[in-house]
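Let's walk through this assembly together, chain by chain and then down to single residues. Keep the viewer open as you read, and rotate freely.

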Amino acid sequence: MKEANFKTKKMMSRIAIYFFLILFILWTVVPVYIVISNSFRRTIEIKQMPPKLIFTPTFEHYEKIISLDRFGIYFRNSAIISISVTCFTLVLGSMAAYGLKIFRSKIGKRISNFLLLGKMVPSITILIPLFILMNRARLTGTFIAPILTLSCLSLPFVTWLMTGFIADIPTELIESASLEGCTRMRTFRIIILPLLKPAIASVIILVMQASWNELLFSLQLTNLNTYPLTVGVARYVGAVSVDWGKCSAAATITMVPIIIIGFFMQKYLVSGMTAGAVKG
Amino acid sequence: MLNTAGKSGLMKRKTFELSLERGDLLPLLLMLPVLLVILFVMIIPLLYGFTMSLFDTGFGKKITSEAFIGFSNYAKFFQDPVALKAVFNTLAFSFGAIIGDLVLGTLCAVFLLQIPRFFSSALRPVVTIPLLVSPIVVGLTWRYIYDPRGILYWVLGLFGLGIQNFPGVTSSSTALLSTIIAHWWQVTPFVIIVLTAGLLAIPEELYEAAKIDGAGPVATFFRITIPQLSKVYVIILLISGVDTVKVFDIIYALTGGGPNNSSISLSIYAYSNAFEQSNLSYAMAISFMTMIITFLVFGIPFVRQNLSRSDRA
Amino acid sequence: MKRERKAVLCFLILVTMVTAFGFAQPKANLLVSVWAGPHADLQKRVTQEYKKDNVTIDDVDYGNLKAKQLTSFQALSGSGNYDVVWVNSQWMKEYTDAGYLLPIDDYIKSAGIDMSIYSKGLLDGCVFNGKTYGFPTFAQTLIIAYDGDVFKKEGLKAPTNAEELVSIAKYFKQKGSGIALPAKQGSGAVTLFSQLLFSDDGYYFDKNGKLNLTSKEAVYAASIYDQLVQNAVPGVLAWHHDETAEAVRMKNAPIGIIMSGLANQNSDPNKSLIVNSVKYAPLAGKNGKAAATNSFWVWAVAKNSKNPKAAFDYIAWMASPATEKKQTLADQQVSGIDALSKDPEILAKAPFLPVVMEQLANGKIDPPLANFGKLKSALIVSLSEIATTDAKPADVLAKLQQDMAGVDFSK
């Protein structure tokens with residue numbers, strides 16, 4: 001009797017778990033589906049309820065935003081900025097984390113924890129002074145301003161993550177390298193970097209996502225030639241008229257590349273967070 | 001060039017960690033670029049902004065000595081009913097957002113690990129999608145969903161419910177909640193990822209010991225899983241909890257701060273003062289107060305925990 | 001060591017490339033800041049015919065437009081800042097006080113432009129301290145749009161004053177729909193309130209310049225607003241102008257108060273279900289008079305522009321009768337030029353034009369005072385309170401009057 005009870009209980013809990021997960025997946029996916037499908041609907045259909053699941057798709061919104069509104073250029077700009085920021089933070093962050101390790105390896109992790117305090121600065125506080133400074137330096141409207149700024153927003157997190165990762169690497173491993181006669185930089189290249197791979201992958205996806213999707217600084221520090229995709233999407237949100245068709249097309253172009261990259265990097269996301277964030 | 005061959009173990013460790021006194025610049029050189037970037041992009045504008053909050057300045061106005069108004073902006077903050085409402089809203093948002101994120105995230109992370117590996121590795125990438133969407137796109141999407149003539153109410157209509165039952169963004173009682181829901185959609189995936197990492201790090205032996213002692217699943221969950229995860233929760237709080245106090249994009253896109261200022265957040269109030277009401281110095285003061293509040297809520301416990309932990313090698 | 005050098009080299013190359021990309025921008029002689037939307041697309045097309053200089057239009061969404069202009073005014077000349085700005089009439093006072101705009105009287109004189117073709121009410125909003133700062137254009141006002149077929153079926157006539165408007169709204173509310181209006185916490189509601197106020201010859205200030213929000217015209221306007229919201233289609237509390245106009249043209253509401261700048265979408269078969277049945281009426285007050293809050297946009301030259309003369313030539317061209325006519329024919333926007341509104345070609349395309357012109361002729365502008373922005377922000381919140389709570393309009397206005405007691409409205 002007890003065994004039968006136990007088995008049904010187990011089955012019930014299994015069903016409950018699956019039910020919850022299915023609901024969660026639906027709740028996750030439906031909004032994304034809405035945006036993407038809206039980008040292919042005629043404007044008049046977008047606002048009609050009940051929504052038609054089967055409809056004839058149109059490409060007019062994409063045509064309009066790419067030809068008339070130069071969306072291809074925004075895409076290029078977003079790519080330039082995001083890739084540069086990712087590379088920049090990776091190089092600087094891992095270097096700094098290594099520097100911290102060889103400087104004060106025992107408390108390096110705790111020092112780097114203080115970097116996280118940098119997250120407490122609201123963007124609006126530094127937006128205007130930063131604009132003035134960048135402008136005086138003739139950097140506004142170039143790619144340097146957004147790259148530098150967005151890097152700064154992610155650097156504390158990346159450095160902290162890397163420090164955590166490096167802290168996990170056994171000191172004996174590092175010492176044996178120096179025993180073999182390696183300089184410290186060579187040790188960095190040969191021993192540390194390969195072990196950082198999961199963290200690097202984690203950083204790539206998180207930093208790319210953050211800089212690709214940023215709006216406030218990207219809007220003020222760039223001009224016509226360097227606007228990224230987020231500014232392009234914002235443009236269709238008027239106070240007086242929201243063009244849902246173009247807006248959804250713009251949003252889709254903005255969303256899809258990062259989602260694709262995310263899919264490829266999935267494997268590393270969890271392992272990257274494990275050592276870097278969780279242990280130590 | 002380090003030549004440590006032939007030295008004793010202790011000496012090896014010491015020579016590896018060369019200290020500053022020996023004139024060793026490499027560690028500092030490695031850390032320098034990061035420090036420089038943070039200095040120029042964050043610290044200096046921050047100080048500049050703080051200075052601005054002490055003077056009666058605005059766009060295009062110079063900072064002159066007559067315009068010095070000291071801390072009167074900050075005094076004004078405590079007497080400004082809208083500012084205080086914004087504080088309340090921001091903290092309420094933060095609280096609701098974080099609780100929802102953690103609860104939903106924990107349930108999902110735990111459940112994902114209960115189902116066969118094959119399924120969970122297929123589902124996990126899907127679950128992380130909202131994380132990869134820009135806040136402005138999130139705001140727009142949910143604006144479309146919450147539209148009174150839109151999809152949410154059509155679905156509710158199928159169950160016989162309508163806008164009276166859940167007024168969504170149109171009523172001051174539920175506007176903030178609606179923004180919190182949109183936030184949950186976006187941030188829960190991050191919690192799931194970090195918690196999954198944390199759950200995987202829990203040693204199997206603990207669970208086995210619990211089984212031997214005859215503990216049921218619920219007891220195991222509360223006595224072993226959650227305490228083991230406490231460190232991870234702190235990290236989540238620091239990384240995404242702090243972001244909730246700075247909330248701007250989502251609320252701005254969905255409600256604009258209304259109705260009747262029921263969803264105005266501190267960042268929105270600061271933005272409105274800077275650009276819509278030409279009150280730049282007050283805006284700076286508001287954002288500084290935001291920073292201080294964030295530090296009080298998140299920073300102090302964090303600093304205490306960090307400093308009190310015993311030195312672990 | 002070699003591999004390390006390579007890595008550093010790669011990094012340096014990357015940095016150089018980015019720098020080169022960064023600093024190399026194609027030459028744009030004139031940078032123009034406008035508000036994004038269908039009219040901006042039209043402006044871009046029209047600008048392609050401007051042969052004199054190289055003009056690039058930067059259209060930014062309304063929420064961020066002012067912020068972007070403000071930061072541009074802080075920038076160094078020639079650092080990519082805007083030469084020409086499209087300024088909302090409500091920001092003109094702030095901009096001219098702060099010295100962001102260039103006075104253009106001398107340019108006007110030497111170009112021999114006849115400024116009398118511009119509607120006086122609008123032109124007055126471009127002149128401060130005796131100096132002219134721009135050309136008025138793109139005037140908008142709230143008007144009533146309704147579905148003529150539905151009205152015919154129900155045996156209703158268009159409302160001729162505020163009371164009739166409320167009773168029509170009540171009629172439809174009892175039948176399950178209602179009126180559409182912008183009741184979201186924001187400037188849309190304030191525009192509606194002020195139009196009702198001005199239509200009764202009321203104003204924010206009394207004859208002596210003192211703030212008077214408790215005047216009977218103000219209380220009447222607020223209570224009409226309240227009643228309209230009570231009899232509105234569900235959801236208006238989340239609507240600004242675009243959602244309201246959409247509700248009307250998608251047949252969710254048989255009558256609505258919409259921005260005239262959106263009326264052209266009613267005739268677009270891709271966007272509207274009432275193409276053949278839409279009709280317009282003035283938004284009138286108690287006594288049948290309809291007045292606008294004259295809100296429009298101004299073509300102006302930024303003071304920190306590197307090419308002020310070229311910038312002036314461009315705005316003079318954009319605001320000239322020929323160019324304005326082209327734009328009005330294309331999307332029925334209302335220009336600042338009086339004569340165009342009587343042009344038969346234009347009237348044929350824009351049936352709402354007479355309504356708009358009547359309201360503009362009776363209209364008043366928002367007071368050009370430094371602290372008016374504060375009043376407006378507070379009014380936004382008060383109207384939201386009136387719309388969402390049971391508070392009596394008179395009480396809310398009285399409280400607002402008290403809250404504003406210490407504010408200086410003398411200049």
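A confidence score comes up several times below: pLDDT is the predictor's confidence in each residue, on a scale from 0 to 100. It matters here because this is a predicted model. For the model as a whole, the scores are ipTM 0.84 and pTM 0.81.

Let's begin with chain C, where pLDDT averages 86 and 93% of the residues score at least 70. One stretch to treat with care is residues 24-28 of chain C, where pLDDT stays under 50. For that stretch the model has 6 contacts beyond four places in sequence.

Chain B has a mean pLDDT of 81, with 88% of its residues at 70 or more. Where in chain B is confidence lowest, and where is it highest? The low end is helix 1 (residues 9-16) of chain B, with a mean of 45, while helix 4 (residues 81-114) of chain B holds the high end at 91. Residues 1-16 of chain B keep a pLDDT under 50 throughout, and the model gives them 12 contacts beyond four places in sequence.

Now for the architecture of chain B. This chain has 13 helices and 0 strands. Of its 313 residues, 45% count as buried. If you take the contacts in chain B between residues at least 6 apart in sequence, 68% of them join residues at least 24 apart.

One helix of chain B deserves a closer look. Helix 12 (residues 266-276) of chain B is largely enclosed by the rest of the structure, because 10 of its 11 residues are buried. Among the buried ones are Leu266(B), Ile268(B), Tyr269(B), Tyr271(B), Asn273(B) and Phe275(B). Just after helix 12 of chain B, Ser278(B) adopts a positive phi of about 45°.

Next, how do the chains meet? Between chains A and B, 77 residues of chain A are in contact with 81 residues of chain B. On the chain A side, helix 13 of chain A gives the most, with 15 residues. By class, that side of chain A has 50 nonpolar, 20 polar and 7 charged residues. Chain B also touches chain C, with 18 residues of chain B in contact with 25 residues of chain C. There, the side of chain B has 6 nonpolar, 11 polar and 1 charged residues.

Within chain A, find helix 4 and helix 10 (residues 197-212) of chain A, which pack at an angle of about 140° with their axes 9 Å apart. Why call this pair oblique? Angles over 145 degrees would count as roughly antiparallel and 65 to 115 as roughly perpendicular, so an angle outside these ranges and not under 35 is oblique. Helix 4 of chain A and helix 10 of chain A are therefore oblique to each other. Their crossing is right-handed. The contact includes Ile81(A), Val85(A) and Thr89(A) of helix 4 of chain A, and Val203(A), Val207(A) and Trp212(A) of helix 10 of chain A. By class, this contact has 9 nonpolar, 5 polar and no charged residues.

Finally, return to chain C and pick out Gln69(C), in helix 3 (residues 62-74) of chain C. Gln69(C) counts as buried because it has 23 C-beta neighbours inside 10 Å. Leaving aside residues up to four places away in sequence, Gln69(C) touches Ser33(C), Tyr82(C) and Val85(C).

Note on methods
Residues are numbered from 1 along each chain as its sequence is written. Chains are lettered from A and ligands numbered from 1 in the order in which they are written. This is a predicted model: local features need pLDDT of at least 70, side-chain atom pairs count only at pLDDT 80 or more; totals for chains, interfaces and linings use all residues. Two residues are in contact if their C-beta atoms, placed from the backbone, lie within 7 Å. Ala, Val, Leu, Ile, Met, Phe, Trp, Tyr, Cys and Pro count as nonpolar, Asp, Glu, Lys and Arg as charged, and the others, Gly among them, as polar. Helices (H or I, at least four residues) and strands (E, at least two) are DSSP runs, numbered from the N terminus. A residue is buried if 20 or more other C-beta atoms lie within 10 Å of its own, exposed if 12 or fewer, and partly exposed in between; C-beta atoms are placed from the backbone. Axes are lines fitted to C-alpha atoms, for helices over the stretch in contact, and angles run from 0 to 180 degrees between N-to-C directions. A crossing is left-handed if the near helix is turned anticlockwise from the far one by less than a right angle, and right-handed if clockwise.
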